Amino acid sequence: MTLNELKWSALRTVFFGYIFFSLLTLVGGFLTAPIMTYYFFGDWRFWRHWGPGTRLFPHGWRMVLSVLQPNGHAFMFSVPLFSAPASAPDRSRVRVRNDWGYGNSCGYCRRCCEIYKCPVLDKSTGLCRGYDSFFWRYFNCGRFPTSQPDINFYACPKWEMKPSTVVAESPAAAAASVGLAPERQAQIG
Ligand code: SF4
């Protein structure tokens, strides 16, 4: 294991601890608002993010309950603890589809944000308020997509795996790679 891998895992572990502290104490996240907004919005100035920042609390509990369900999604637990932060998907593995008409932009689509009603998405502009924040880089957003099951799960119309990386997977293996039971994946589409 490299020094960087140790650092990344330590940073993720501290983040997990902070999130559990915030959720369990009910007020911990509010009392430490600059830390919370730094993690999710890349900005210590919490007063600029009060509305969406406040909605992170019920959203966090919804995510926890979803993870705890037998068929729940693993969300940020699906990202390896020791993996490098990422601001973009790995272009050696994925590419933008030829029939996608918006280049590197996501165009009109907000599907991967809206499926779980992410409060960080600014609905008035359609932009992510947390772009390139700690959460974005260290967990699922920045590196999306990492696999074909990832693309399938969100029915992403933009990305596809490069042919050299595509391997045939059973539905069970595909669902497992995003931490989800096949029947739950089928429900969400
Ligand atoms: S589902 Fe794909 S195209 Fe849609 S917002 Fe997410 S990454 Fe962009």
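What percentage of the 189 residues of the protein count as buried? The share is 23%. The model is predicted, and the protein averages a pLDDT of 88. It holds 10 helices and 4 strands. A ligand is present, and residues including Cys 106, Arg 110 and Trp 159 surround it.

**Confidence**
- A pLDDT of at least 70 is reached by 87% of the residues.
- Residues 181–189 fall below 50. Beyond near neighbours in sequence, this stretch has 13 contacts in the model.
- Where pLDDT is low, the predicted coordinates should not be read in detail.

**Fold**
- From the N terminus on, the order of elements is α-α-α-α-β-α-β-β-α-α-α-β-α-α.
- Among contacts in the protein with a separation of 6 or more, 65% join residues 24 or more positions apart.

**Ligand shell**
- Four cysteines belong to the shell: Cys 106, Cys 109, Cys 112 and Cys 156.
- Phe 144, Tyr 154 and Trp 159 also surround the ligand, as does Pro 157.
- Arg 110, Arg 111 and Lys 158 are further members of the shell.
- By class, the shell has 8 nonpolar residues, 3 charged residues and no polar ones.

**Helix α3**
- Helix α3 spans residues 33–41. Its buried residues are Met 36, Thr 37, Tyr 39, Phe 40 and Phe 41.
- These residues lie on the same side of α3, because they cover an arc of only 160 degrees around the axis.
- The buried residues of α3 pack against four helices: α1 (3–25), α2 (28–31), α4 (50–68) and α6 (134–138).
- Gly 42 follows α3. The phi of Gly 42 is positive, near 65 degrees.

**Backbone features in loops**
- The peptide bond from Phe 144 to Pro 145 is cis, and its omega is near -5 degrees. Pro 145 sits in the loop between α7 (140–143) and α8 (148–154). Phe 144 is also one of the residues around the ligand.
- Lys 117 is not a glycine, yet its phi is positive, about 50 degrees. Lys 117 lies in the loop between α5 (111–114) and β2 (121–122). Lys 117 counts as exposed because it has 11 C-beta neighbours inside 10 Å, and the cut-off for exposed is 12 or fewer.
- Asp 132, another residue other than glycine, has a positive phi near 65 degrees. Asp 132 is placed in the loop between β3 (127–128) and α6. With 14 other C-beta atoms within 10 Å, Asp 132 is partly exposed.

How values were computed: Residues are numbered from 1 along each chain as its sequence is written. This is a predicted model: local features need pLDDT of at least 70, side-chain atom pairs count only at pLDDT 80 or more; totals for chains, interfaces and linings use all residues. pLDDT is the predictor's confidence in each residue, from 0 to 100. Two residues are in contact if their C-beta atoms, placed from the backbone, lie within 7 Å. A residue is near a molecule or strand if its C-beta atom, placed from the backbone, lies within 6 Å of it. Ala, Val, Leu, Ile, Met, Phe, Trp, Tyr, Cys and Pro count as nonpolar, Asp, Glu, Lys and Arg as charged, and the others, Gly among them, as polar. Helices (H or I, at least four residues) and strands (E, at least two) are DSSP runs, numbered from the N terminus. A residue is buried if 20 or more other C-beta atoms lie within 10 Å of its own, exposed if 12 or fewer, and partly exposed in between; C-beta atoms are placed from the backbone. The arc is that of the directions from the helix axis to the C-beta atoms.
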